[in-house]
Amino acid sequence: IALTDGSEIELNTNTAIRFHSAAAEKVVTLLRGEAYFQIKHDPHRLFIIKADGHRITDIGTKFRVRRDAARLEVSLLEGEVRFDSADGRVKSLSMKPGDVVIATAHSAAVMQQPKRDIADTLGWRSGMIVFKHTTLAEAAAEFNRYNTKKVVIADGEAAKLTINGTFQTGDITAFADAAHAVFGLHVISRGNSTVISR
């Protein structure tokens, strides 16, 4: 989405936003999903992102916001943003490049990540998913965001196994082949599902 001031917003699959523009501020509400923001900073007009009651204020930057059912994740690539928690119990955080904030309804924590790791979380912008020490259950959930044919991890032990790799968002076959080759798991195609199990 190209805004008139030169800012851009890229939406991942299954993402919805609401945009409101006023004289003193522009406000994007992330209703669900994940978005990447490249904002042209205007000191006279705030650019604010709201999600789950939390507030992210741009101070000229490139950053990613992902909203899942239980948490919000904000990753800063360039520039600076200010993060304010939903209930005000966590003090305002000034984020610098490499900072990642993980927030729930009642907590927020900031950690540093290498820029390369943050860039990997944006693989979806070029049709890729990058997994690093990701459980098969988490990897399946990520694939299922992009595909009508779903990946099902059929047992708890297999779900806990961790995988590393880069896959095209639509290449479930490559993921299933990797699970079979690396872990010796069984792969069965059942209707609209690829079932992976021990």
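This report describes strand pairing, nonpolar cores, pockets and three selected residues in a predicted model.

**Strand pairing**

Strand S5 (54-67) takes part in several antiparallel pairings. With S3, S5 runs antiparallel and is joined by 6 bridges. Within this pairing, Gln 38 has Lys 62 of S5 as its bridge partner. S5 also pairs with S4 in the antiparallel sense, over 4 bridges. Here Ala 51 stands opposite His 54 in S5. S4 and S5 form a hairpin with 2 residues between the strands, and Asp 52 in this hairpin takes a positive phi near 55 degrees.

The pairing of S5 with S6 is antiparallel as well and holds 11 bridges. One of the opposed pairs is Thr 57 with Arg 82 in S6. The connection between S5 and S6 is a hairpin of 4 residues.

**Nonpolar cores**

The largest nonpolar core contains 23 residues, and Phe 37, Ile 56, Phe 63 and Phe 83 have the most contacts inside it. Two or more residues of this core come from each of S3, strand S4 (46-51), S5, S6, S7 and S8. S6 supplies the largest share, 5 residues.

Phe 37 illustrates the contacts around this core. Beyond its neighbours within four places in sequence, Phe 37 is in contact with Glu 8, Ile 9, Val 28, Phe 47, Ile 49, Thr 61, Lys 62, Phe 63 and Val 65. Phe 63 is thus listed both among the residues with the most contacts inside the core and among the contacts of Phe 37.

A second core, separate from the one above, has 20 residues, including Phe 131, Ala 139, Ala 140 and Ala 159.

**Pockets**

Rolling a probe the size of a water molecule over the atoms shows where empty space is left. The two largest pockets are set out below.

| Pocket | Volume | Lining by class | Element giving the most residues |
|---|---|---|---|
| Largest pocket | about 740 Å³ | 11 nonpolar, 5 polar, 11 charged | S10, 7 residues |
| Second largest pocket | about 160 Å³ | 1 nonpolar, 3 polar, 5 charged | H2, 3 residues |

The lining of the largest pocket consists of 27 residues, and those nearest its centre are Arg 64, Arg 66, Thr 121, Val 130 and Thr 134. At least two lining residues come from each of strand S5 (54-67), strand S8 (99-103), helix H1 (115-120), strand S10 (128-135) and helix H2 (136-146).

The second largest pocket is lined by Asn 14, Arg 32, Gly 33, Arg 66, Arg 67, Asp 68, Ala 141, Asn 144 and Arg 145. Strand S3 (25-38), S5 and H2 each give two or more residues to this lining. Arg 66 appears in the lining of the second largest pocket and is also one of the residues nearest the centre of the largest pocket.

**Three residues at different levels of exposure**

Ile 1 belongs to the segment before strand S1 (8-11). Its relative accessibility is 52%, so Ile 1 counts as exposed, the cut-off being over 50%. Apart from neighbours within four places in sequence, Ile 1 is in contact with Ser 7, Glu 8, Ile 9, Leu 11 and Ile 17. Glu 8 and Ile 9 are also among the contacts of Phe 37. Computed along the sequence, Ile 1 and Ala 158 are 157 residues apart, and their C-alpha atoms are 39 Å apart in space.

Ala 86 sits in the loop between strand S6 (72-84) and strand S7 (93-95). At 35% relative accessibility, Ala 86 counts as partly exposed, because this value falls between the 20% and 50% limits. Leaving out neighbours within four places in sequence, Ala 86 is in contact with Asp 52, Gly 53 and His 54. Of these, Asp 52 is the hairpin residue with the positive phi, and His 54 is the residue opposite Ala 51. Ala 86 and Ala 139 are 53 residues apart along the chain, with 29 Å between their C-alpha atoms. Ala 139 is one of the residues of the second core.

Ser 197 is part of strand S14 (residues 193-197). Ser 197 has a relative accessible area of 17% and is therefore buried, the limit being under 20%. Not counting residues up to four places away in sequence, Ser 197 touches Ala 154, Asp 155, Leu 185 and His 186.

Conventions: Residues numbered from 1 in each chain as written. Predicted model: local features only at pLDDT ≥ 70, side-chain atom pairs only at ≥ 80, totals over all residues. Heavy atoms only, no water. Buried < 20%, exposed > 50% of the residue type's maximum accessible area, 1.4 Å probe, protein only. Contact = heavy atoms within 4.5 Å. 1 Å grid on protein atoms, 1.4 Å probe; cavity = no way out; pocket = protein on both sides within 12 Å on 5 of 7 lines; lining within 4 Å. Points joined across faces, edges and corners; volume = space filled by probe spheres on them. Nonpolar A, V, L, I, M, F, W, Y, C, P; charged D, E, K, R; others polar. Core = buried A, V, L, I, M, F, W, Y, C linked by side-chain atoms within 4.5 Å. Pairing = 2+ DSSP bridges.
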